[in-house]
Every structure is written in structure tokens, then in C-alpha cells.
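Morning, everyone. Please have the sequence and the model up in front of you.

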Number of protein chains: 2
Amino acid sequence: MAATAAESALDVALGPPAKTPKGEQTRALILSTALELFRERGYEETTMRAIAQRAGVALGNAYYYFRSKEHLIQAFYARSHEEHLEAARPVLEREKDLKERLRDVVYAKIRTSEPYHRFSGILFKTAADPHSPLSPFSPESSPTRRESTALFAEVLFGSNTKVHPDLADELPNLLWLYQMGIILFWIHDDSPGRRRTYLLVEHTVDLVARTIGLASNPLLVPLRKRVLALLRDLKS
Amino acid sequence: MAATAAESALDVALGPPAKTPKGEQTRALILSTALELFRERGYEETTMRAIAQRAGVALGNAYYYFRSKEHLIQAFYARSHEEHLEAARPVLEREKDLKERLRDVVYAKIRTSEPYHRFSGILFKTAADPHSPLSPFSPESSPTRRESTALFAEVLFGSNTKVHPDLADELPNLLWLYQMGIILFWIHDDSPGRRRTYLLVEHTVDLVARTIGLASNPLLVPLRKRVLALLRDLKS
DNA sequence: GTCTATAACCGGATAGAC
DNA sequence: GTCTATCCGGTTATAGAC
């Protein structure tokens, strides 16, 4: 189920041309060559010509499969999410405590992204541009975003913390946003072993989990209502 | 005082060549022409050749004053901050309530940035890359950032809210970060009249101001200590 | 120190032949 | 699906004028 969903996201991310098995193979070759070079030299330093050459295809052929250099990033998103899913699955099956689940899922994201730390800076570059189809908020990214959000829904509803029904719709989105914030921090984090990022997660995850648990507390009803009203208004 | 500081930031942003009055004038001409074109057509669609042509200078001359197209953005930062300062000054003199001060200063930022809303997307693109000298977190940007932070220090300490001394060092930074978050939202906000952004500010500013006021409350000592410890650790 | 003119390089992107 | 040729614009280089 999760795997099927991930594949569909990949399709969207990778775009139309994927008819024949051979074509599929060529695209995969180009993509992995590209990521290889990105890891080795960084994004800016990797030219489309270099990618094509190492992959043993013509420049134009690379553009046949990927509309632009940036679209390689979109494909990377999708692949990265798949790896995240896989790394997160065991935790979700084993652990039932919300805080632990949340922490381990976020850790999984960071761990699986680590080989691309340098490259990810560029990734966020395109992410911040609202009109780019590569923005995580863009319609083009919505499949991957939806799946990523679904993962957080599972973090939430598979835990033994009672989630107040009012929050059920919005919380997964907010957790996804929380993870985006962590990643933004991680991108700027050059401490050894990404110490700072882990520190930040360790502390904030506790805060988040506690807040979710407390949200049912009668004392917090007005605050909860207010936050929910704001969220609703922001969408309209 | 504020003006002097702003000028020094401009100098850094604009770079070395600025000896003669004539040169100063030429640079200003190139910059305003560029911003004009950015506003009209957007960043990507504006070529350096077009900027040079409309400014009536040779292409090489544009590069004489601005190391790259992106460096025009750095200059834009500095200019934008100056306008923000100017727009914020009357508020800071008139109003003493923390919440009002904070809101109006953030509003001033949004209002003065409004003509560049489209362009600002690109701006954030480059901002998000941690290795770019244009990142607001980079050393190159630190003068403008420092001044921007100083503005929030004034918001804080010029108000009639008692700020707990433990927080004095960090709060201005956090408020600056808060404003960055608002701007990130604003960039993605295409609602008429930027309704959503104003809504978000309206609600969160209240939360922020309240939290600052409550931070002295004995009940919150443990939380305050914890947050401060985290912030300290994140820097080490 | 400022500025012009012009040519060239490089790499992302496109067109069109096969 | 794949290739070659070409365009376009950021950037650099040069050589020289005021």
C-alpha cells in the first residue's frame, strides 16, 4: 500500500515519458548518474553535459527524460521520500509512544538524507520559490507532499496518544511542516555529526508531543479553538 | 545613528568600487534600473544585457559595479532594510505597547516589500542556500542582519513590557527569525490584499507578545531555562 | 578610477533530423 | 528515443578611452 503510493508519486515526479522498459532503464541510469555526480561535486558544479557523458547518452536525451536540471531534484525528492518511508516503517510497527515515534521518524529523514547534505542546500533553494513547480507547496509536488503527510498521520494515529478529533485533520500537516523546519535547520547545520540538529529535534519533539497530549485538556480549549480557527481562516 | 548604520551596511553590500560621486551615481542608476526591470518582468526574465541597455551603460560597466546578477539582490536587501527602518521609526516613537510595536514593525516590513512581492520569491531562493553569500545567515549578510536584529531590540526595549534579563540577548534574534518566517509565508501568499499574511501576523503577534510578558512568571521558570539552555547549546 | 565596445566562453535549454 | 547543432544569457577578458 505504502509502496504503491510511493510509486505513483515517482511517476508524477518523473513525468510522462516512461513507456518502454528500455526507456525506463535509460531514465533510471540518467537519474542515478546525476545524483552520483551531485554527491561528488555538488549541484552547481555538475553540468548536464557531464551527466549525459558519464551516463553515456547524448545531452538532448537527458532533456528528453528530465525537463530541466531542476527536475532532477523533483525526482530526487520522490526517491528520498521512498527511502524515508522504508527507514521509518520498522519504527512505526514497533514503537507506540508518540514522542518516540515522532523523533525516530524525523531522525530517519535526517539519516536517509545525510549523503545529500551538501546537495540539499540547493534543494531548498528551489523549494523557497513559490512559483517553481519544485516548491514543496506547488501542485506538482502535491503527490509527494500528500504521502509525506500521510506518514505523519500514521505517526499520530498509530500511537497510544489520544488525538482530539478536532485536530485530526490539521495535525499531520503541521507535523510535516515541523519536519520541514527541522530540515531547513539541518541544511544550515555544519556541526560534527549534525550534533545541533539532533539536539534541536530531541528538545522540540518533546514539546510537540506534550502539546498534542495536552490539547484535550479543558483548560486549553480556548487556545485550541483559536489556533484551529486561525488555520481554517488561513486556508480560505 | 540608525541612518549611519544603514549606510555602512549598504557599503558592505555594494562592495568596493564607490570612490567618486560620479561612480556612486552610476551604480545607483544601475541598481534602480535593475530593480525597475525586476519589478516589471521578474528576475529570471530580466537579462543583464537589458539592465545595461536601459541604464544606458555598457554591459561590462554593470559588472564593474556588481559582481554578479545575484549581487544586485544583496544590494536590494540593504535598500529594503533602509526603507523598513524609515517606515518603522514613527511607530517606535509613538507606540509603547509591545504587541502594537511588534505588529506595526512587521507590517511595515510587509508594506515596504509589497512592490517586490513577485521578485521576493527569487530572493528567498538564493537566501535558502546556506553556502551562498546571499543567505541571510551568511557572514556577508551579517551587517544587514545585525541591523535588522537591532531594530527588534528597539521594539523590545523601547516598549513598556519588562523583558526578563535572561532573555535580553536572545529575544531580538528570535524576533528577527519570527519576521523571516512571516516573510516566507508572505512570499507564498497570493490572497487578495495579502489577507492571509495579515491574519497570520495579527494572531501570532499576540501570542509572541504574551509569551514574552509571561516569561517572568515564576510558573514558567523551568520552561524558560530549558529554552535558553537549548539556544545556548545550539550555538556551541 | 570610470567607462566603452566587442568578442569569447560556458552551460542550460531547444529544434529538428534520424 | 536518441543524436547533433544551435540558441540564449550569465560571465569573463581584452584593449583602450577619458
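What rotation superposes chain A on chain B? A rotation of 180°, with 0.2 Å of shift along its axis and an RMSD of 0.2 Å. That is the relation of a two-fold axis. The fit is by least squares on the C-alpha atoms of residues with pLDDT of at least 70 in both copies. Of chain A, A:Lys125 comes closest to the rotation axis, its C-alpha at 2.2 Å.

Ground rules, quickly. This is a predicted model: local features need pLDDT of at least 70, side-chain atom pairs count only at pLDDT 80 or more, and totals for chains, interfaces and linings use all residues. Residues are numbered from 1 along each chain as its sequence is written, chains are lettered from A and ligands numbered from 1 in the order in which they are written, and side-chain values use heavy atoms, with hydrogens and water left out.

Now the interface of the two chains. 30 residues of chain A are in contact with 29 residues of chain B, contact being heavy atoms within 4.5 Å. Together the chains bury about 2600 Å², 62% of it on carbon and sulfur atoms. Buried area here is the accessible area (1.4 Å probe) that two parts lose on being put together, summed over both. A:Lys125, A:Arg226 and A:Leu234 supply 23% of what chain A buries against chain B, more than any other three residues.

A:Arg226 also has a charged partner: its side chain meets that of B:Asp206 in a salt bridge, 3.1 Å from N to O. The rule finds two salt bridges across this interface; it asks for a side-chain nitrogen of Lys or Arg within 4 Å of a carboxyl oxygen of Asp or Glu. On the chain A side, α10(A) gives the most, with eight residues. Helices are DSSP runs of H or I, at least four residues, numbered from the N terminus.

Next, DNA strand D. Which residues come nearest? Of the 19 around the strand, they are A:Ala58, A:Tyr64, B:Met48, B:Arg49 and B:Lys69. Around means a heavy atom within 4 Å. Sugar and phosphate account for 64% of the strand's atoms that come within 4 Å of the protein.

Three phosphate distances from chain B. A polar backbone atom of B:Met48 is 2.8 Å from a phosphate oxygen. For a backbone N or O atom of B:Lys69 the distance is 2.9 Å. For a side-chain N or O atom of B:Tyr63 it is 3.1 Å. Finally, α4(A) gives the largest share of the surface near the strand, four residues.

Technical notes: A polar contact is a pair of N or O atoms within 3.5 Å; within protein, one must be able to donate a hydrogen and the other to accept it, and residues adjacent in sequence count only if both atoms are side-chain atoms. Helices (H or I, at least four residues) and strands (E, at least two) are DSSP runs, numbered from the N terminus.
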